Amino acid sequence: MSELSGLQIFKYLPGAKKAEHTNCKECGCPTCMAFAIKLAKHQIDIENCPYVPEELKELFLQSSKQPQKTIEIQGIKIGGENVLYRHEKTFINKTVIAVIIDMAKPDWQEKFQRIKNFEITRINQVLKVDLIITRNGQLDGCVSIEDLQNLPLIKITDSNFETTSQELINIRKKAILEKDGNFSNPVYVYFPHTNDTYQLCAKAAYYICKYANMLVFEDFDENIFTALMSLRENIFTDPQKPLQVESKIYEFNNPDENSLIFLTTNFALTFFAVANELESLPVPSYLVVTPADGMSVLTAWSAEKFTAKIVAKTLKKLKLAPKVKNRKIIIPGLLAHMKEELEEEIKNENLDFEIVVGTIDAFAISDFVKNMNN
Ligand code: SF4
C-alpha cells in the first residue's frame, strides 16, 4: 500500500462529512483539510486530532510503514525507496556504484589509482565511484568484501539478463506494493568479470532504472562508468525540483571588459543550451544567470521569479558594472516585453545598462551575434 495522500486522509475526518467538530481547531490546524495535508507529510501527530476514527489510524499506520530499509555505509545511503515510479513522488537514494579491488592481483594498485582519479562533472556536481570494496586486504577509506557481506542487503549475481531483471522487479514490487518485510532490504547486483563490456553497460543501465540499489563491479572501465553515472543522474533527479545552476556570472572564452553580456535564468536546461552556444561563438562573452528557482524564462516570468526588480538586484549583487565597460545586456527574446521595465528598474539601482532583446532560441545566438557586429 502506498502512502495516503492528504485528500485520502481528509475523507475520514469530520470536515469531509460535515459532522460535529468540523474545523474545531483542537489539533492546532485551522481546518480538517489543513490537518490532513500536514498528516500526509508527517508534519503532525495523528493523535493531535481526538476525532480520527480507528479505521484511519490503522490505514495510516499501514501506509506509513517504510517499504524499503535504508542501509548506511561510510556515509553512503543504500535503498530507502518508497515508490515504483519516479513520477509518483521521487526516488530517494541514487544507485550506489561500487568496484571491487582484489589486492591479491598484481595490478591492483594501478586499478585503484584509476578509480581514485576517475571523476566526471554533471550539472555542477563532481561525481566519483561511490565505494571501493577490497578483497584479500584492507585499504583506508574502502570497505572490505566481508563488511559488504555482513550488511543486510539482498545480493543478486548477474547472469542471464531476463532472470536478473525479473528478480529485481519482483523484489521491488513485493517491497513497495505489498510492504513484505522479507523483501524490505535494499538489493545489489554483483557483476563478475566479463569481456563483453557493451553488454555489461547495457545491463547495468537497465538495472539502474529497475531497480538495483547498488551495482558492484569486478571490472572498472572509465567509459562505462561515465555512461552509467550520467544515466543515473537523470533517473534520480527529483521531478518536483527543477534542475538548477548557481546564480552567478559565467565566463566564456576569456572575456574582457568589452565582451558581450547575455542574461538568462538558472534553469539548468536553458543554461546549458545557452552556454553551449556561447562556448562556440568566435567572440568571448559573459552570461549573467539570475536566481529563478530553476525555472525557464517564461515560467519564471509568469511565476514572478523573473521580475525587473530581481534582475536589477542580481546585477548589483553580482557586481557586473565594475567588471565591464560594455553597457548592453542581451536578454532572451521571449522577454522582449520587459525591456522598458528592466531598464527602469536598472536605473533605480543606479546602474546604467541598456537592454538589448536577443533571440528566442539559443541556437539562433550565433547568427544574432554575426548581425550585431555587421
Ligand atoms: Fe478537524 Fe480533528 Fe483538527 Fe478538529 S481536531 S479541526 S476535527 S482535524
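**Note on the predicted model**

In strand 15, Glu354 is the bridge partner of Lys328. The model is a predicted one, and the points below take its sheets, the hairpin, the ligand site and two backbone details in turn.

1. The pair Lys328 and Glu354 belongs to the contact between strand 14 (residues 328-331) and strand 15, which run parallel and are joined by four bridges. Helix 13 (residues 339-348) packs on this sheet and touches both strand 14 and strand 15. The direction of helix 13 makes about 160° with that of strand 15.

2. The sheet that holds these strands is open, has five strands in the order 11-13-12-14-15, and shows mixed pairing. Its edges are strand 11 (249-252) and strand 15 (354-357); each has a single partner strand, so one side of each is left without a neighbour in the sheet. From one strand to the next, the twist averages 30°.

3. Helix 10 (residues 268-279) also packs on the five-stranded sheet, where it touches strand 11, strand 12 (260-265) and strand 13 (285-290). The angle between the direction of helix 10 and that of strand 13 is about 170°.

4. An open sheet of six strands has parallel pairing and the order 7-6-3-10-9-8. Strand 7 (143-144) and strand 8 (154-157) are its edge strands, each pairing on one side only.

5. Within the six-stranded sheet, strand 3 (residues 96-102) and strand 10 (residues 214-217) run parallel and are joined by four bridges. Val96 stands opposite Met214 of strand 10. Helix 5 (residues 108-117) packs on the sheet and touches strand 3 and strand 6 (131-135). Its direction makes about 160° with that of strand 3.

6. Strand 1 (residues 70-73) and strand 2 (residues 76-79) run antiparallel, with four bridges between them. Glu72 stands opposite Lys77 in strand 2. The two strands form a hairpin with two residues between them. One point to check by eye is Gln74 in the turn, which has a positive phi of about 50°.

7. The ligand occupies the space that is the largest cavity. Around the ligand are Pro14, His21, Asn23, Cys24, Lys25, Glu26, Cys27, Cys32, Phe35, Cys49 and Tyr51. By class, this shell has seven nonpolar, two polar and two charged residues.

8. Two backbone details remain. Lys210 and Tyr211 are joined by a cis peptide bond, with omega about -15°. Tyr211 lies in the loop between helix 8 (197-209) and strand 10. Lys179 is not a glycine, yet has a positive phi of about 45°; it is placed in the loop between helix 7 (161-177) and strand 9 (187-191).

Terms used: Residues are numbered from 1 along each chain as its sequence is written. This is a predicted model: local features need pLDDT of at least 70, side-chain atom pairs count only at pLDDT 80 or more; totals for chains, interfaces and linings use all residues. Side-chain values use heavy atoms; hydrogens and water are left out. A residue is near a molecule or strand if one of its heavy atoms lies within 4 Å of it. On a 1 Å grid over the protein atoms alone, a cavity is a set of points where a 1.4 Å probe fits but cannot get out, and a pocket is an open set with protein on both sides within 12 Å along at least five of seven lines; lining residues have an atom within 4 Å of a point. A molecule sits in a cavity or pocket if more than half of its atoms lie within 2 Å of its grid points. Ala, Val, Leu, Ile, Met, Phe, Trp, Tyr, Cys and Pro count as nonpolar, Asp, Glu, Lys and Arg as charged, and the others, Gly among them, as polar. Two strands pair if DSSP finds at least two bridges between them. Contact means heavy atoms within 4.5 Å. Axes are lines fitted to C-alpha atoms, for helices over the stretch in contact, and angles run from 0 to 180 degrees between N-to-C directions.
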